[in-house]
Amino acid sequence: MTNRLMRLRQSQWMRDLLAETEFNQRQLIQPLFVVEGLSRDEEILGLGETKRNTEESILQRVEKDLEAGVRHFLLFHVPKAKAECAFHHEAAQRVIQKLKSHFGDQLFLWIDTCLCSMTSHGHCGVLRSSQTTSNPFDSSRTLNEISRAALAYVEAGADGVSPSDMMDGRVKHIRALLDEKGYDMKPIMSYSTKFSSHFYGPFRNAANSTPQFGDRQQYQIDVRSSTDALNSSQRCAEEGADLLMVKPGMSSIDLIKPIAQKCHLPVGAYQVSGEYAGLQMLSEKGLVHFEKALLETWHVFKRAGAQYIITYGARESRKLGLR
Ligand code: PBG
């Protein structure tokens, strides 16, 4: 049986007045990929308008997105050369400088900070030279490399950094280095609860970051464990993260509010590549109306308590009626 309130919501007035989710375009973050040495843009299967952009085409891309009302961007830079460690950041810096000198404060530019698109093996940290302990990573070199990357990005003008590597202690290490260099007001948006997931497929194709061996289960969380999920966000909060994030969004719906309550920090949801591509594929088969289904998922993230949403569809948001 429907109750009175549900029936009253048949009127648009009531529906809008009583809606529990309300958000605007400034709470959406649009990911971007820039690939060093690419001569023309390449499609990413399942991600629609989000392509592997060249260093040149990214300007037009962002210009169009700004016209469509997008304000926050999350940049993934994919370097040409892979290495074991001692990574170079000049190419990423060039892209950041170009975007910030061109668009200035019209955009807020976050940079994903991880090593997986730079390492020859595709893992998110620097591996030990000999595998004698249960931890395959050389922690101190890993933390140094990740913090050096973060510093290089903010020196080039990035507005914030977003560590996605899931290595222990990275938020603390990045915060300390940024503070020491005078960047104490550059925020850290930490991938604080990141599950080991099969929904990152389209992204890994785009970022060239599929592990060459093994998987990421050692440093990404088992979906069956809410304990690990809560603890991971709490560690990030204690280490000095400013914004927390759950990923994949749909696998974390139940955790958003508990994390916010436990950590007293804003928590966002990352609608990852596989979730987005799923909607695209359903709509290509005529099974869902893409835009309506997308908006529905965003409302669910908001209802679940997400403060902000990272989504490949941020640039579609005006078409969906957001302002
Ligand atoms: C890098 C990183 C990944 C994603 C964001 N940063 C891939 C991974 O951890 O394997 C996935 C994003 C997406 O699927 O949209 N560590």
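## Strands, salt bridges and unusual backbone geometry

P248 sits in the loop that runs between strand 7 (243-247) and helix 9 (256-263). The peptide bond leading into P248 from K247 is cis, and its omega is near -10 degrees. This is a predicted model, and the values below are computed from it.

**Backbone outliers**

Most peptide bonds are trans, and most residues other than glycine have a negative phi. The cis bond from K247 to P248 is one departure from that pattern. Two positive phi values are further cases.

M166 has a phi near 70 degrees, a positive value in a residue that is not glycine. M166 lies in the loop between strand 5 (160-163) and helix 6 (170-180). Its relative accessible area is 9%, so M166 is buried.

H264 also has a positive phi, of about 55 degrees, and is not a glycine. H264 belongs to the loop between helix 9 and strand 8 (267-271). Which is H264, buried or exposed? With a relative accessible area of 67%, H264 is exposed.

**Strand 1 and its partners**

Strand 1 covers residues 28-35, and eight of its eight residues are buried. In a regular strand, side chains alternate between the two faces of the sheet. Strand 1 can be read this way: L28, Q30, L32 and V34 point one way. I29, P31, F33 and V35 point the other way. The residues of both sets are all buried.

Strand 1 pairs with several strands. With strand 3 (72-78), the pairing is parallel and has seven bridges. Within that pairing, I29 has H72 of strand 3 as its bridge partner. Two bridges join strand 1 to strand 9 (residues 309-311), again in parallel. There L28 stands opposite I309. Strand 2 (residues 52-53) is also parallel to strand 1 and is joined to strand 1 by two bridges. F33 is matched with R52 in strand 2.

**On to strand 4**

Strand 3 also runs parallel to strand 4, with four bridges between them. H72 appears again here, with F108 as its bridge partner in strand 4. H72 therefore links to I29 in strand 1 and to F108 in strand 4. Why does strand 4 (residues 108-113) count as largely enclosed by the rest of the structure? Because five of its six residues are buried.

**Around the ends of strand 3**

R71 is in the loop between helix 3 (57-67) and strand 3 (72-78). R71 has 31% relative accessibility and so counts as partly exposed. R71 joins R26, R318 and R323 in a positive surface patch.

H88 is in the loop between strand 3 and helix 4 (90-103). H88 is exposed, at a relative accessible area of 64%. R148 is 60 residues away from H88 along the chain. Their C-alpha atoms are 9.7 Å apart.

**Salt bridges**

How many salt bridges are there? The count comes to 14. Three of them are set out here.

| Pair | N to O distance | Burial |
|---|---|---|
| R61 and D65 | 2.8 Å | R61 buried, D65 buried |
| D165 and R170 | 3.3 Å | D165 buried, 0%; R170 buried, 4% |
| K319 and E316 | 2.5 Å | K319 exposed, 63%; E316 buried, 9% |

The pair of K319 and E316 spans two classes. K319 is exposed, because its relative accessible area is 63%. E316, at 9% relative accessibility, counts as buried. A separate network, built from salt bridges that share partners, joins E49, R61, D65 and R315.

R61 and D65 belong to that network. Both residues lie in helix 3, four residues apart, so about one helical turn separates them. Both are buried.

The bridge between D165 and R170 has both ends covered: D165 is at 0% relative accessibility and counts as buried. R170 is buried too, with a relative accessible area of 4%.

Terms used
Residues numbered from 1 in each chain as written. Predicted model: local features only at pLDDT ≥ 70, side-chain atom pairs only at ≥ 80, totals over all residues. Heavy atoms only, no water. Patch = residues over 30% accessible without salt bridge, like charges linked within 9 Å, V, L, I, M, F, W, Y side chains within 5 Å. Areas by Shrake-Rupley, 256 points an atom, 1.4 Å probe, with all protein chains shown as cover. Salt bridge = Lys/Arg side-chain N within 4 Å of Asp/Glu carboxyl O. Lys, Arg positive; Asp, Glu negative; His and termini not counted. Charge placed at Lys NZ, Arg CZ, Asp CG, Glu CD. Buried < 20%, exposed > 50% of the residue type's maximum accessible area, 1.4 Å probe, protein only. Pairing = 2+ DSSP bridges.
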